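Here is a friendly walk through one protein chain, written to be read with the model open beside you. We begin with charged pairs and end at a single histidine.

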Amino acid sequence: MAAVIIHVETEQQLEQCLNIRKEVFVEEQKVPIDLEIDEFDRIGPDAHHVLVDADGTYAATGRLTYYKDNSAKMQRIAVRQSFRSQGIGKILLIAMEELARELGLSQSVLDAQCQAEEFYRKLGYETISTEPFDDAGIPHVRMVKPLKA
């Protein structure tokens, strides 16, 4: 499978990101739309959206925002159901980490759904929250990873 990383620059590309997120989070996981879409869901200097095209189909998306202590906050990481367990999530996260390095950020922070904690751990993330917390009705843990150049 050929995967192409797209750094979102157009409204049409952003709409594809939002469509994937609505499919995964709103329809599949029942997250209310008003919690899913927020002020970072636009093209601008405060957020960077990434889209993965797998063999001509938009398969996954993620968003990077700036966080405290020179960190990237990896958010809204979503892989369409038909593309899961094919390495697309890993490709997406590696691309987001590379973008964070290019932006001069030294650490990646994310709030992982508990069911995905092991996925992130295999990619070098360490859980720093002492116990799970609720985000949109789904248990999460905070995880971090240093980004070495």
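Arg142 has a relative accessibility of 22%, so it counts as partly exposed. Please keep in mind that this is a predicted model. The partner of Arg142 is Asp111, and their salt bridge brings N and O atoms to 2.7 Å at the closest. This pair ties together distant parts of the chain, since Asp111 belongs to strand 5 and Arg142 to strand 8, 31 residues apart. Asp111 is partly exposed too, its relative accessible area being 21%.

**Other salt bridges**

How many salt bridges does a search of the whole structure find? The search finds 15. Another of them joins Glu23 and Arg80, and this pair also links distant parts of the chain: Glu23 sits in helix 1 (residues 11-28), Arg80 in the loop between strand 4 and helix 3, and the two positions lie 57 residues apart. Glu23 is partly exposed because its relative accessibility is 29%, whereas Arg80, at 15%, counts as buried.

A local pair is found within helix 3, where Arg101 and Glu98 are three residues apart and therefore separated by about one helical turn. Arg101 is partly exposed at 26% relative accessibility, and Glu98 is partly exposed at 38%.

The three pairs are set out here with their N to O distances.

| Salt bridge | N to O distance |
|---|---|
| Asp111 and Arg142 | 2.7 Å |
| Glu23 and Arg80 | 2.8 Å |
| Arg101 and Glu98 | 3.5 Å |

Shared partners also build a network of salt bridges, which takes in Arg21, Glu36, Asp38, Asp41, Arg63 and Arg76. Lys73 offers another kind of charged contact: it lies over the face of Tyr67, 5.1 Å from the ring centre.

**Aromatic pairs and the core**

Let us turn to the rings. There are two aromatic pairs in the structure. In one, Phe119 and Tyr120 have ring centres 5.0 Å apart and planes at 75°, which means an edge-to-face pair. The other, between Tyr120 and Tyr125, is edge-to-face as well, with 6.0 Å from centre to centre and 75° between the planes. Phe119, Tyr120 and Tyr125 thus make up one aromatic cluster. Phe119 counts as partly exposed because its relative accessibility is 33%, while Tyr120 is buried at 9%; Tyr125 is also buried.

Tyr120 and Tyr125 appear again in the largest nonpolar core, which has 27 residues; they are among those with the most contacts inside it, together with Met74, Ile88, Leu93 and Leu110. Strands 2, 3, 4, 5 and 8 and helix 3 each give two or more residues to this core, and helix 3 provides the largest share, six residues. Beyond its neighbours within four places in sequence, Tyr120 touches Ile77, Leu93, Leu110, Ala112, Tyr125 and Met143. A separate core has twelve residues, including Cys17, Ile20, Phe25 and Leu51.

**A histidine in strand 8**

Is His140 buried or exposed? With 7% relative accessibility, His140 counts as buried, because the cut-off for buried is under 20%. His140 lies in strand 8 (residues 138-146). A polar atom of its side chain is 2.7 Å from the backbone oxygen of Ile138. Leaving aside neighbours within four places in sequence, His140 is in contact with Asp111, Ala112, Gln113, Cys114, Pro132, Phe133 and Asp135. Two of these names are familiar by now: Asp111 is the salt-bridge partner of Arg142, and Ala112 is among the contacts of Tyr120.

Notes: Residues numbered from 1 in each chain as written. Predicted model: local features only at pLDDT ≥ 70, side-chain atom pairs only at ≥ 80, totals over all residues. Heavy atoms only, no water. Helix = DSSP H or I, 4+ residues; strand = E, 2+ residues; numbered from the N terminus. Buried < 20%, exposed > 50% of the residue type's maximum accessible area, 1.4 Å probe, protein only. Polar contact = N/O pair within 3.5 Å; in protein donor to acceptor, adjacent residues only side chain to side chain. Contact = heavy atoms within 4.5 Å. Phe/Tyr/Trp six-rings, centres within 6.5 Å; stacked < 30°, edge-to-face > 60°. Lys NZ or Arg CZ within 6 Å of the ring centre and 35° of its normal. Core = buried A, V, L, I, M, F, W, Y, C linked by side-chain atoms within 4.5 Å. Salt bridge = Lys/Arg side-chain N within 4 Å of Asp/Glu carboxyl O.
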